[in-house]
Structure formats: structure tokens, C-alpha cells
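Please open the model in a viewer and keep the sequence at hand. The tour proceeds by selection, from the whole chain to individual side chains.

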Amino acid sequence: MLNSVLHGLAAAFLTVLPLTATTSAHAAETLPLSEAVSRLPVATESRDGYTRDAFRHWNSGDDPADGCSTRSEVLLDEAVEPPTVGPRCRLSGGSWWSYYDQVWVTSASGLDIDHMVPLAEAWDSGAFAWSAQRREAYANDQGAGTSLVAVTARSNRSKADQDPAEWLPPAAGVHCRYAAEWVGTKLRWALSADEPEVAALAGVAAGCPEQTVTYEPVP
């Protein structure tokens, strides 16, 4: 009887070990932007088979009990002046700073929630091989404050699905931040980058010697 108990405890202990190793393997890391760019896996991209519907969003967010979607939760989190939350999570009032174009916005309806790395770009860069559940997790990722960002609808639609080789925010003073958030998102989700994208990011990084990237990989 004692031997059976000891074997059971040993098995349970061995089962826990991989979980502990996995947790430590995915700790957050901070490094210079230029080094972070160099860590991006380089690969060609293909949009074959892409559909926006492959990424379910917006879902019930991090707190399903609050009655708010991911979109509304991001708006609440990023508000400089908090809005009033009405029935069915209807937001009124409040103010937000759209850092892409340096514009104040005083109505939630004037904002888009931008996927830092657009859904189509994520598909091209590796998400085509993901499960539907992982794509949903990506599209609603609030685990990193930089994955989703509230910006003016105009700036978001100007960006569309372009990468930094094709588009950077109109406010030149935020290019270092933007590049860091883009690279951090790709590293967080183990997404690749194509050669023009890496070249553009390296060019931005060269002018941002003090910029760092902090990211925590998603298992």
C-alpha cells in the first residue's frame, strides 16, 4: 500500500515538472529594438486562403461577466478620461489619445481598435497554420497592452493590413514606439517577417538607440 502511494506521488511530481519548465520558458523579456528585430524569423508571406472570419472577434473579452466585448474593454482600459458605462456596455463621454496621429477623441464611436499586427498580416506570417481557438485568442489578445490599440478610425483605415515597409504612423515622433510594439507582437506570437519588413524595421531601429521591446511569448 505504501509503495503504491509513493509511486503515485512520484508520478504527480513528474507531471508538474514540465508545467514549471513551460512557465519559466515563457517569462517576459526586454531587449533593445535592434536586437529584437534580429530575432524575427524571416520567411516569405502568402495570403492564400485568408478570410477575416478566420479570426473570431470581438468576443466577450477578459471578463465575460462585465457584459463588455473585447473592443469595449480595450476602450475602457485605454481611456484617459473614463467614459460612463451604460446598459449593455454602452459607452458615453470619456476621452482617448490616438497616438498614431496625435489626436484627442471624445467619442468611442470615433475610434477603431487596431490589431497592432493586422489579422491578414498575422495570417501571412504563420497564423494560417493555427487552430481556430488560437486565432481567436490572437484577435482578442489583452494579455499584452500593445497587441490592441485604440486609435482614430481614419488612421487605422489608412494603415489597413500594411506592414512597416508600407506604412508607419503619420506622427513621425512615434515611429520608435510603433516599431517596438509591432516587433513585440510578432515575437509574442512567434510570427515571421518578410525581408522588406525586416529591412524597414531595422531602418527605424537604427534611429532609436534607446528604444526597448518587452514581450512575453504565448505558449
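The stops below run from the overall fold to the cores, the salt bridges and the surface.

**The whole chain.** Begin with a cartoon of the entire protein, bearing in mind that this is a predicted model. The cartoon shows 8 helices and 8 strands. Of the 219 residues, 42% count as buried. Among contacts with a separation of 6 or more, 71% are between residues 24 or more positions apart. Displayed as a surface, the protein exposes about 11400 Å², of which carbon and sulfur atoms supply 56%.

**The cores.** Next, select Leu33, Phe55, Tyr100, Tyr138 and Val183, the residues with the most contacts inside the largest nonpolar core, which has 40 residues. At least two residues of this core come from each of helix H2 (33–38), helix H4 (119–124), helix H5 (132–139), strand S7 (148–152), H7, helix H8 (195–206) and strand S8 (212–215). Which helix gives the most to this core? It is H7, with 6 residues. A second, separate core of 13 residues can then be located through Ala79, Val105, Ala108 and Leu148, which are among its members.

**Tyrosine 100.** Return to Tyr100 and display its surroundings. Leaving aside residues up to four places away in sequence, tyrosine 100 touches a set that includes Asp114, Met116, Val149, Val151, Trp167, Pro169 and Tyr178.

**Histidine 175.** Pro169 also leads to the next selection, histidine 175, in helix H7 (residues 175–188). A polar atom of the histidine 175 side chain lies 2.7 Å from the backbone oxygen of proline 169. With residues up to four places away in sequence excluded, histidine 175 touches Leu168, Pro169 and Val204.

**Salt bridges along and across H7.** Side chains of opposite charge can pair when their charged atoms come close. The model contains 11 salt bridges. Select glutamate 121 and lysine 186, whose closest N and O atoms are 2.6 Å apart in a salt bridge. Because glutamate 121 lies in helix H4 and lysine 186 in helix H7, the pair ties together parts that are 65 residues apart in sequence. Are these two partners buried or exposed? Glutamate 121 is buried, at 2% relative accessibility, and lysine 186 is buried as well, at 0%.

Within H7, select arginine 177 and glutamate 181, a salt bridge with its closest N and O atoms 2.9 Å apart. About one helical turn separates these residues, because they are 4 residues apart in helix H7. Glutamate 181 counts as buried at 11% relative accessibility, whereas arginine 177 is partly exposed at 39%. Salt bridges that share partners also join Glu29, Glu35 and Arg39 into one network.

**Arginine 47 and aspartate 161.** These side chains meet in a salt bridge at 2.6 Å, N to O. The pair links distant parts of the chain, 114 residues apart: arginine 47 is in the loop between H2 and H3, and aspartate 161 is in the loop between helix H6 (153–159) and H7. Arginine 47 is partly exposed at 34% relative accessibility, as is aspartate 161 at 32%.

**The surface.** Select glutamate 195 in helix H8, which is exposed, with a relative accessible area of 62%. Its C-alpha is 9.7 Å from that of glutamate 45, although the two residues are 150 apart in sequence. Finally, select Val80, Trp97 and Trp104, a nonpolar surface patch with about 330 Å² of accessible area together. Valine 80 sits in the loop between helix H3 (70–78) and strand S2 (84–85).

Definitions and conventions
Residues numbered from 1 in each chain as written. Predicted model: local features only at pLDDT ≥ 70, side-chain atom pairs only at ≥ 80, totals over all residues. Heavy atoms only, no water. Patch = residues over 30% accessible without salt bridge, like charges linked within 9 Å, V, L, I, M, F, W, Y side chains within 5 Å. Areas by Shrake-Rupley, 256 points an atom, 1.4 Å probe, with all protein chains shown as cover. Salt bridge = Lys/Arg side-chain N within 4 Å of Asp/Glu carboxyl O. Polar contact = N/O pair within 3.5 Å; in protein donor to acceptor, adjacent residues only side chain to side chain. Contact = heavy atoms within 4.5 Å. Buried < 20%, exposed > 50% of the residue type's maximum accessible area, 1.4 Å probe, protein only. Core = buried A, V, L, I, M, F, W, Y, C linked by side-chain atoms within 4.5 Å.
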